[in-house]
Each structure stands twice: as C-alpha cells, then as structure tokens.
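Trainee: Could you take a close look at one part of this model with me, namely the helix that gives the most to the main nonpolar core? I would like to know what surrounds that helix, and then how the rest of the chain compares in outline.

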Amino acid sequence: FAGKNGEVLYYVCAAETTQADLYAQLAQNWLVDGRLTDAGDYGTSIETYRCYGPYRIASISADRLTLTRNEHWYGYTDGRHNNLYQTTDIECRIESNQSTLMKLMNQGKLDIVALPAENDALLAQYSASRNLLRTPTTYTDRLIFVTDRAALSAISAADPAGGSRMILSDRDFRRAISFAIDRAQLAYGGAVKDRPALGIFSGAYEAGTDDLTLYRATEPAQDALRGVYGADEDGSVTGYNPMRAAALFTAAYERAVAAGDLGPDESITLRIAIDDDPLGAVRLRQRTLLQAMLDEALAGSPLENRLTVTMVQSDDRYADVAAGRIELAIGAWGGAADRPDSLIRCYTDPAYTEIHEQCGFDPLTEFCTLTVGGEAVTHTYYEWGASLNAGGLYAESDADTRLEVRAGLEAALLERCAFIPLMTECHATLVSDRVRVAADDYHPLRSYGGIRSLRYMYSDAEWTAYVRRAGGTLDYTAKN
C-alpha cells in the first residue's frame, strides 16, 4: 500500500491471500505504536495511547471512556468522507443492569441497546418494534432426522407408546414436515429474536467473491432455494406450503401402511431432543407452533389428529440423534462467515467434525449429480465438499464456478432432507429514533455501516426537545 507522500505499508502473508480475505484481515485495527506497547500499560490512559483514526480518547477512567473527533485525521478534510462520521463524541460506560439500560433508552439517553437472548420477556415486549434490528449470526437451527430404518425400528421398540417411527425413513414424510412449517411464524412468534431460514448458509455468509457480496444475495444461492422449495405467487420463497405438505403426508402414509411400517389407525409421537432443562418459554412456544402447523397440514388427511410432536431434554442431543437413540433433534452449525466452504464440510466430511445427520445418511458412499459449467458431474457428497476446500478439484477455480458448486451442493443436501433448516440465530438490538443505520442488510465485515455511516435525524438540541414533547419517556414497542 503506497501513501500519497511515498510511504509504503508492507503487509506480509504466510501464503497467497485473496482480495476478499485481505479485506477481512484489514477490518481489524492492529496498528499500534510499539514505543507505547512495550511499556506494558498500553491504552490505560491518554498518555499511553496513540490514535490515528477518526476519534481520539478525550478521557478515560475505571468505568467510563469518552472519545472525541481526532482533529488530525485526514478523512475530515480529504473530500472523500463527506456526510460520514457524523458522530462527534462517543461516551462508553459500564452498566450491567438491563433495567437501567432500558430506562436510559426510553429517556432518550441511549441510541443503541442490546436485548439479551435469555431475557424472553424483554424480547417479547419489543418483538414487533419498528426499531428492532435482528442481526444474523452464522448459526442456523435445523431439525435433524434419524432416517436409518434399523435405528427407527429400535427407537419404536424402545418407546412403543410413541408408535412406529419407521415413516421417518420416507423422504416425502420429512419433506411434508418441512412444507408444513411457517418459518416466519416460528422465528418471530417462537424465538422472537431470530429470522426464518431455508438454507444451510445464513445471511451472514460471504459469497467468496472479491466484491464481498453475501452468498444468499447471489443468483445461484437464490436458485438453489427456489429449486428446493418452489416460489410463491409473488416470487418469494418461504418454504411454507401446507397443501403440498398434505399431499406428501398422505402419500407417505399410504406407502408406510402398505409396507407394514405403520398400522392403519396407528398414532405417532415424534420426540425432538433439545438442550434446554427445564423446557423454557421459547421452546414451549416453538412446540405449540409446530404442532399447530402440522395439525393444519394434516387436516382431512389419514393422519389427522394422529401426529404429535414433543420436546425432551438431552444432555448430548447431537450424539443421541447421530447414534439413533432418539428420532429428532434441534441443532445448529455455523462459524467462519468469510469461508462458507468450510461450513459445508460439517455435513459432508465425518473426519472434519461429527455429522449429526449420520444415522441414515453416509456422505462417503452416497452420490449426487451437480451441473458444473453446463455439464452433469457426479461425486459422493464427501467428494463434493472436499472439492471446494484446500487441494480440492474446484479449490482454485474462479469464483463463479465455486459459487455454482456450492449452491448446487447446498440444494442437494436440502433435497436429501436429512435435516430441515428452521431459523437463523440472531442478536437483537434496539435503535433509537434519533439515529438511522446506513444499510438495511447486515454484512459481517461492514455490519450495518457502523459509526462511520450512522446518520443522525436530530441534533442534540432537537433530540432533547423531541423527548420533552414525548413527556420524557419514549415508546419503542410500536409496531412496524
């Protein structure tokens, strides 16, 4: 990197680095003044810190840090940062009491406050707020199935009160469950803070292209979901189709009865292993919603009033479902937002990590055919996952080819239906009326634009007057 005065910053990598990876690494603030860091008390006072960015430390104490504009920063005068960094001062203080934080927010003294995931009552209070941001993580909750017939037979024998679970080996039955689920209702009405999910990759994953496009925004990724779930009349993809679910339930039921896997009048109870102990309010809502959705899809079918879902606590739900000790579990994979191809190995490579869906799905021996460059290519699921990672067949291919393979493999895994994506785990944040974030969609490198692009709708004086007109207390529970 060359500066305008001829200074050069050399960034040395141990191996070849893509432009996208370089952007990710440069997102970290790692330049320091070595003369100060060597002293051992770096950053504990104004005297022991050097600021080279848009802000500098104005004051620092045990419980409070105040930043103000760094008048020496080039960006305020270079003409390239107009209307950016509108914030002039930042006050950070430690406050651990959530009630105090919410009081300050409602008094107009805070602009952004996080809503803890464990505070169900608080999340429910602001669940419909127009000021609520649901920021996606990389983790997608999914319903994991046992599909191995021998394991399902053993499960049914060990728990005869729940009826025969053999019908879970029928892919159409599992697909019927998927189409019966209204994921938006499950996410917003059940977990409250989360977003509905249809794919393996959440909205936080990058596509692996130099322009830092998000994977879910690419055409191949959207085509993958359209191919698996179909599109609604308005072109949207929700995965919710109770009529299609009803037809699949009926077809699976008829096959199960004909094969002797299910008695004509037999009822089924599906147990879902979860980690909650005791069963919390979120899980109770989710179970109630799941049951209502299944009941809607089953109305008028041979399985009407004969399929029940329940949730049971498990100390090791992943191992239990993988070993075939219980028929269903809710679990999640995630991580490495800038390396989506590493995530897909969680589903295709037993040596990479434990495959939760392995009781009935063997990626080492099962094949799938994808279209790559206009040609049909067949490999095992394991080989496809390996092909995108270091040393793989497509590891060094151009971004478009890698994207085509990734989206095709995602669709193949979703069609296999050894699991059903349900919702993306999110962080909930309340944003005041005084400010607006710059972007509607979250990006793992840019967030919503950060302090750089945060816009103010009121000056400090105007905001004080606004709060006064509201009687001194703001209401952020108003619906969108």
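Mentor: Happy to; here is a walk from the whole chain to that helix and its partners, and then to a few loops.

This is a predicted model, in which local features need pLDDT of at least 70, side-chain atom pairs count only at pLDDT 80 or more, and totals for chains, interfaces and linings use all residues. Residues are numbered from 1 along each chain as its sequence is written, and side-chain values use heavy atoms, with hydrogens and water left out.

First, the overall frame. The chain has 16 helices and 14 strands, taken as DSSP runs numbered from the N terminus (H or I, at least four residues, for helices; E, at least two, for strands). Its C-alpha trace spans about 80 × 60 × 45 Å along the principal axes. Of the 480 residues in the chain, 46% are buried, where buried means under 20% relative accessible area, exposed over 50% and partly exposed in between, with a 1.4 Å probe and protein chains only. Among contacts between residues at least 6 apart in sequence, 65% join residues at least 24 apart; a contact means heavy atoms within 4.5 Å.

Now to the core. The largest nonpolar core has 87 residues, and the members touching the most others are Leu 143, Phe 173, Ile 177, Phe 249, Leu 270, Trp 384 and Leu 413. Such a core is a set of buried Ala, Val, Leu, Ile, Met, Phe, Trp, Tyr and Cys residues joined through side-chain atoms within 4.5 Å. Your helix is α14 (residues 399–416), which gives the most to this core, with eight residues. Another core, of 16 residues, lies apart from it and includes Met 102, Val 113, Leu 123 and Leu 430. As background, nonpolar side chains tend to be buried together in soluble globular proteins.

Trp 384 is a good place to look next. Leaving out residues up to four places away in sequence, Trp 384 touches Cys 368, Leu 370, Val 372, Val 377, Thr 378, His 379, Tyr 394, Val 405 and Leu 409.

Next come the helices that pack on α14. The axes of α8 (residues 219–229) and α14 come within 9 Å and cross at roughly 20°; axes are lines fitted to C-alpha atoms, for helices over the stretch in contact, and angles run from 0 to 180 degrees between N-to-C directions. That makes α8 roughly parallel to α14, since angles under 35 degrees count as roughly parallel, over 145 as roughly antiparallel, 65 to 115 as roughly perpendicular and the rest as oblique. The crossing of α8 and α14 is right-handed, meaning that the near helix is turned clockwise from the far one by less than a right angle, while anticlockwise would make it left-handed. On the α8 side the contact uses Pro 220, Ala 221, Ala 224, Leu 225, Gly 227, Val 228 and Tyr 229, and on the α14 side Leu 403, Ala 407, Glu 410, Ala 411, Leu 414 and Glu 415. By class, these are 10 nonpolar, one polar and two charged residues; Ala, Val, Leu, Ile, Met, Phe, Trp, Tyr, Cys and Pro count as nonpolar, Asp, Glu, Lys and Arg as charged, and the others, Gly among them, as polar.

The other partner is α12 (residues 340–348), which packs with α14 at an angle of about 30°, the axes being 11 Å apart. These two helices are therefore roughly parallel as well, but the crossing of α12 and α14 is left-handed. Pro 340, Asp 341, Ile 344, Tyr 347 and Thr 348 of α12 meet Arg 402, Arg 406, Leu 409, Glu 410 and Leu 413 of α14. This contact has five nonpolar, one polar and four charged residues.

For contrast, look at α7 (residues 183–191) and α10, which pack at about 150° with axes 8 Å apart. They are therefore roughly antiparallel, and their crossing is right-handed.

Finally, two loop residues. Asn 305 sits in the loop between α10 (281–298) and β8 (307–313), has a positive phi near 65°, and counts as exposed at 68% relative accessibility. Most residues other than glycine have a negative phi. Asp 261, in the loop between α9 (242–259) and β7 (268–274), counts as buried at 16% relative accessibility. Beyond its neighbours within four places in sequence, Asp 261 is in contact with Arg 149, Ser 164, Met 166 and Ala 256.
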